[in-house]
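Hi,

Here is the structure I said I would pass on. Have a look at it first, and my notes on what turned up follow below.

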Amino acid sequence: MELETFKITVLPLRDKLINFSLRLMQEKADAEDIVQEAFLKLWYIREKLDGYNSVEALAMQVTKNLALDKLRARRPEGPDIETLSLDSGYRSPAEQLEQQDAAARIRQLISQLPAVQQTIIRMKDVEGYEIAEIAEITGSQVEAIRSNLSRARKKIREQFLLLNKQEQL
């Protein structure tokens, strides 16, 4: 694909790609960066673009993947998991230490989950995203998100109880 054909085929998709990226990223500057990166990727494979049925569909997929990569790399915007409190009542220093130890174990157990489950449980339980939002961001089905979240929580619960049982022995 030559430069002129690229300009005619790909560049008119800019507004559509920015709107799509903006829904995922929530910030205009990030959305524009994603679209620029998508255009660069498409430019590098311009010789192969004629082989695709829909350059627009490819552009949307590239944009979605770049946005997801950026979201995964981003540090959680919610409260830091280490500063979360399990309840707001007064606790003795021993209870506070026990709670901190439990939180550290849970963080460690989360880090041992498969990457998809880690991402989903952090987005839902730490950052506070709704399941539908997580599905849109990750490009997954709502039921797949629910299933992965359920499996992740079950695995953490089982491992946490096992660790506690081992300590008491």
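Before anything else, please keep in mind that this is a predicted model. I'll begin with one pair of charged side chains and work outwards from there.

K28 and E32 come together in a salt bridge, with N and O 3.6 Å apart. Both belong to helix α3, which covers residues 28–44, and because they are four residues apart there, about one helical turn separates them. As for how open they are, K28 is partly exposed at 49% relative accessibility, and E32 is also classed as partly exposed, at 27%.

The next bridge reaches out of that helix. D30 pairs with K70 through a salt bridge of 3.8 Å, N to O. This one ties together distant parts of the chain, since D30 is in helix α3 and K70 in helix α4 (residues 55–73), 40 residues apart. Is D30 buried or exposed? With a relative accessibility of 13%, D30 counts as buried, because the cut-off for that class is under 20%. K70, on the other hand, has a relative accessible area of 28% and is partly exposed.

A third bridge sits further along the chain. R153 and D125 form a salt bridge whose closest N and O atoms are 2.5 Å apart. Here too distant parts of the chain are linked: R153 lies in helix α8 (residues 142–168) and D125 in helix α6 (residues 115–126), with their positions 28 residues apart. R153 is partly exposed, at 33% relative accessibility, and so is D125, at 39%. If you want to hunt for the others, the whole structure contains eight salt bridges.

While you have α6 on screen, look at Q117, which is in that helix. Its relative accessibility is 10%, so Q117 counts as buried. Which residues does Q117 touch, once neighbours within four places in sequence are left aside? They are N148, R151 and A152.

On to the rings. I found zero aromatic pairs in the structure. There is a charge sitting over a ring, though: the charged end of R46 lies over the ring of W43, 3.8 Å from the centre.

Helix α4 deserves some time too. This helix is 19 residues long and runs 27 Å from first C-alpha to last, close to the 27 Å expected at 1.5 Å a residue. Buried residues in α4 include V55, L58, A59, M60, V62 and T63, and K64, L66, A67, L68 and L71 are buried there as well. What do the buried residues of α4 pack against? Their partners are α1 (3–9), α2 (14–25), α3 and α7 (131–138).

Finally, the overall picture. The protein has eight helices and zero strands, so along the sequence the pattern reads α-α-α-α-α-α-α-α. Of its 169 residues, 31% are buried. Taking contacts between residues at least 6 apart in sequence, 62% of them join residues at least 24 apart. The exposed area comes to about 11300 Å², of which carbon and sulfur atoms supply 51%.

If you open just one view to start with, I'd suggest α3 beside α4, where the D30 and K70 side chains meet. Let me know what you make of it.

Cheers

Key. Residues numbered from 1 in each chain as written. Predicted model: local features only at pLDDT ≥ 70, side-chain atom pairs only at ≥ 80, totals over all residues. Heavy atoms only, no water. Phe/Tyr/Trp six-rings, centres within 6.5 Å; stacked < 30°, edge-to-face > 60°. Lys NZ or Arg CZ within 6 Å of the ring centre and 35° of its normal. Salt bridge = Lys/Arg side-chain N within 4 Å of Asp/Glu carboxyl O. Helix = DSSP H or I, 4+ residues; strand = E, 2+ residues; numbered from the N terminus. Buried < 20%, exposed > 50% of the residue type's maximum accessible area, 1.4 Å probe, protein only. Contact = heavy atoms within 4.5 Å. Areas by Shrake-Rupley, 256 points an atom, 1.4 Å probe, with all protein chains shown as cover. Expected span 1.5 Å × (residues − 1).
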